[in-house]
Amino acid sequence: EPTMAEYKQYITQAQENGAVMISEDVVCAIVAHAVSDVEGVAGIVSKPGADIADLISKNWGKGVKIYIAEDNSLTVDCNISICYGQSVVETAQAAQAAIVSAVESMTGVKVHEVNISVCGIVRK
(Lines give C-alpha, C1' and ligand atoms only; values in the text may rest on other atoms or scores of the structure.)
Protein backbone atom coordinates (compact mmCIF):
# COMPACT_ATOMS: atom_id res chain seq x y z
CA GLU A 1 0.00 0.00 0.00
CA PRO A 2 1.49 3.38 -0.98
CA THR A 3 2.46 5.71 1.82
CA MET A 4 1.59 9.41 1.87
CA ALA A 5 5.12 10.28 0.77
CA GLU A 6 4.77 8.24 -2.41
CA TYR A 7 1.73 10.29 -3.40
CA LYS A 8 3.64 13.54 -3.04
CA GLN A 9 4.39 15.27 -6.30
CA TYR A 10 6.85 18.01 -6.94
CA ILE A 11 7.31 20.41 -9.78
CA THR A 12 11.00 20.43 -10.64
CA GLN A 13 12.56 23.57 -12.05
CA ALA A 14 16.10 23.01 -13.31
CA GLN A 15 18.33 26.00 -12.54
CA GLU A 16 21.97 26.64 -13.37
CA ASN A 17 23.20 25.61 -9.93
CA GLY A 18 20.77 22.80 -9.17
CA ALA A 19 17.07 22.02 -9.12
CA VAL A 20 14.23 23.78 -7.35
CA MET A 21 11.49 21.43 -6.20
CA ILE A 22 8.08 22.93 -5.51
CA SER A 23 5.77 20.71 -3.48
CA GLU A 24 2.20 20.12 -4.55
CA ASP A 25 1.14 21.36 -1.12
CA VAL A 26 2.78 24.70 -1.84
CA VAL A 27 0.82 25.02 -5.08
CA CYS A 28 -2.39 24.07 -3.23
CA ALA A 29 -1.68 26.80 -0.68
CA ILE A 30 -1.13 29.36 -3.45
CA VAL A 31 -4.44 28.32 -5.04
CA ALA A 32 -6.26 28.58 -1.70
CA HIS A 33 -4.89 32.07 -1.01
CA ALA A 34 -5.67 33.27 -4.55
CA VAL A 35 -9.26 32.01 -4.40
CA SER A 36 -9.91 33.45 -0.95
CA ASP A 37 -9.16 36.94 -2.32
CA VAL A 38 -11.77 36.68 -5.09
CA GLU A 39 -14.90 38.71 -4.46
CA GLY A 40 -17.95 36.47 -4.25
CA VAL A 41 -16.08 33.34 -3.24
CA ALA A 42 -17.22 32.17 0.20
CA GLY A 43 -14.54 29.52 0.49
CA ILE A 44 -13.02 26.29 -0.74
CA VAL A 45 -15.06 23.20 0.05
CA SER A 46 -14.22 19.55 0.11
CA LYS A 47 -16.74 17.92 -2.20
CA PRO A 48 -19.68 16.29 -0.50
CA GLY A 49 -19.72 12.53 -0.92
CA ALA A 50 -15.94 12.24 -1.24
CA ASP A 51 -15.08 8.64 -1.93
CA ILE A 52 -12.36 6.66 -0.17
CA ALA A 53 -9.77 7.57 -2.83
CA ASP A 54 -10.24 11.24 -1.93
CA LEU A 55 -9.79 10.47 1.74
CA ILE A 56 -6.43 8.77 1.29
CA SER A 57 -4.96 11.25 -1.18
CA LYS A 58 -2.87 14.01 0.33
CA ASN A 59 -5.37 16.75 -0.50
CA TRP A 60 -8.36 15.24 1.26
CA GLY A 61 -10.69 17.82 2.69
CA LYS A 62 -8.93 20.73 1.04
CA GLY A 63 -11.06 20.94 -2.07
CA VAL A 64 -8.00 21.55 -4.25
CA LYS A 65 -6.30 18.95 -6.43
CA ILE A 66 -3.19 19.51 -8.52
CA TYR A 67 -2.12 17.36 -11.46
CA ILE A 68 1.43 17.78 -12.73
CA ALA A 69 1.98 16.82 -16.38
CA GLU A 70 5.22 15.44 -17.80
CA ASP A 71 6.11 18.90 -19.13
CA ASN A 72 5.55 20.34 -15.62
CA SER A 73 2.38 22.17 -16.67
CA LEU A 74 -0.41 22.10 -14.12
CA THR A 75 -4.07 21.27 -14.09
CA VAL A 76 -5.89 22.58 -11.03
CA ASP A 77 -9.25 21.30 -9.77
CA CYS A 78 -10.86 23.53 -7.18
CA ASN A 79 -14.19 23.21 -5.38
CA ILE A 80 -15.68 26.46 -4.13
CA SER A 81 -18.77 27.83 -2.51
CA ILE A 82 -19.96 31.27 -3.51
CA CYS A 83 -21.84 34.02 -1.75
CA TYR A 84 -25.57 34.16 -2.38
CA GLY A 85 -26.51 36.80 -4.95
CA GLN A 86 -23.23 36.61 -6.88
CA SER A 87 -23.07 35.52 -10.51
CA VAL A 88 -21.95 31.89 -10.38
CA VAL A 89 -20.24 32.03 -13.78
CA GLU A 90 -18.52 35.39 -13.27
CA THR A 91 -17.29 34.40 -9.82
CA ALA A 92 -15.94 31.08 -11.12
CA GLN A 93 -14.19 32.87 -14.01
CA ALA A 94 -12.65 35.37 -11.60
CA ALA A 95 -11.43 32.45 -9.46
CA GLN A 96 -9.88 30.77 -12.55
CA ALA A 97 -8.07 33.98 -13.51
CA ALA A 98 -6.81 34.53 -9.96
CA ILE A 99 -5.47 30.98 -9.73
CA VAL A 100 -3.66 31.16 -13.09
CA SER A 101 -2.13 34.52 -12.25
CA ALA A 102 -0.97 33.59 -8.74
CA VAL A 103 0.40 30.14 -9.59
CA GLU A 104 2.21 31.27 -12.75
CA SER A 105 3.72 34.37 -11.15
CA MET A 106 4.83 32.61 -7.96
CA THR A 107 6.10 29.32 -9.41
CA GLY A 108 7.00 30.15 -13.01
CA VAL A 109 5.01 27.09 -14.06
CA LYS A 110 2.43 27.13 -16.85
CA VAL A 111 -1.14 26.46 -15.77
CA HIS A 112 -2.75 24.30 -18.45
CA GLU A 113 -6.29 24.49 -17.10
CA VAL A 114 -8.30 25.35 -14.01
CA ASN A 115 -11.51 23.45 -13.37
CA ILE A 116 -13.81 25.16 -10.90
CA SER A 117 -16.68 23.20 -9.34
CA VAL A 118 -19.25 25.38 -7.60
CA CYS A 119 -20.46 23.09 -4.84
CA GLY A 120 -22.43 25.43 -2.63
CA ILE A 121 -23.94 28.81 -1.96
CA VAL A 122 -23.45 30.62 1.32
CA ARG A 123 -25.52 33.46 2.77
CA LYS A 124 -23.21 35.93 4.47
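Which residues have the most contacts inside the largest nonpolar core? In this predicted model, the residues with the most contacts inside that core, which has 27 residues, are Val31, Ile66 and Ile99. The elements that contribute two or more residues to the core are helix H2 (24-36), strand E4 (64-68), strand E5 (74-83), helix H4 (88-107) and strand E6 (111-122). Of these contributions, the largest share comes from H2, which supplies 6 residues.

The chain as a whole contains 4 helices and 6 strands, and, read from the N terminus on, its elements follow the order α-β-β-α-β-α-β-β-α-β. Of the 124 residues in the chain, 35% are buried. When contacts between residues at least 6 apart in sequence are considered, 66% of them join residues that are at least 24 apart.

The packing of two helices that contribute to the core, H2 and H4, can be described in further detail. Two packed helices are described by the angle between their axes together with the distance between the axes. For H2 and H4, the axes come within 9 Å and cross at roughly 135°. Because an angle of this value falls neither over 145 degrees nor within 65 to 115 degrees, H2 is oblique to H4. The crossing in which H2 passes H4 is right-handed. On the side of H2, the contact is made by Val27, Ile30, Val31, Ala34 and Val35, while H4 takes part through Ala98, Ile99, Ala102, Val103, Met106 and Thr107. The residues of this contact divide into 10 nonpolar and 1 polar, with no charged residue among them. Val31 and Ile99, both of which are listed in the contact between the two helices, are also among the residues with the most contacts inside the core.

Strand E6 offers a view of consecutive positions, beginning with Val114, which is found in this strand. Val114 counts as buried because its relative accessible area is 9%, which is under the 20% cut-off. Leaving out residues up to four places away in sequence, Val114 touches Val76, Gln96, Ile99 and Val100. Val114 and Ala92, which are 22 residues apart in sequence, have their C-alpha atoms 10.0 Å apart in space.

Asn115, also located in strand E6, has a relative accessibility of 32% and therefore counts as partly exposed. When its neighbours within four places in sequence are set aside, Asn115 is in contact with Thr75, Val76, Asp77 and Cys78. Although Asn115 and Cys78 are 37 residues apart along the chain, their C-alpha atoms are separated by 6.2 Å.

Ile116, again in strand E6, counts as buried because its relative accessibility is 18%. With neighbours within four places in sequence left aside, the contacts of Ile116 are with Cys78, Ile80, Ala92, Ala95, Gln96 and Ile99. The C-alpha atoms of Ile116 and Ala92 lie 6.3 Å apart in space, the two residues being 24 apart in sequence. Ile99, one of the residues with the most contacts inside the core, is thus touched by Val114 and is also in contact with Ile116.

Two further positions lie elsewhere in the chain. Val20 belongs to strand E2 (residues 18-23) and, having a relative accessible area of 37%, is partly exposed. Apart from neighbours within four places in sequence, Val20 is in contact with Ile11, Thr12, Gln13 and Gln15. Between Val20 and Tyr10, which are 10 residues apart along the chain, the separation of the C-alpha atoms is 9.4 Å. The other position, Asn72, is found in the loop between E4 and E5, where the phi angle of Asn72 is near 75°, a positive value in a residue other than glycine.

How values were computed:
Residues numbered from 1 in each chain as written. Predicted model: local features only at pLDDT ≥ 70, side-chain atom pairs only at ≥ 80, totals over all residues. Heavy atoms only, no water. Core = buried A, V, L, I, M, F, W, Y, C linked by side-chain atoms within 4.5 Å. Buried < 20%, exposed > 50% of the residue type's maximum accessible area, 1.4 Å probe, protein only. Axes fitted to C-alpha atoms, helices over the stretch in contact; angles between N-to-C directions. Parallel < 35°, antiparallel > 145°, perpendicular 65-115°, else oblique. Left-handed = near helix turned anticlockwise from the far one by under 90°. Contact = heavy atoms within 4.5 Å. Nonpolar A, V, L, I, M, F, W, Y, C, P; charged D, E, K, R; others polar.
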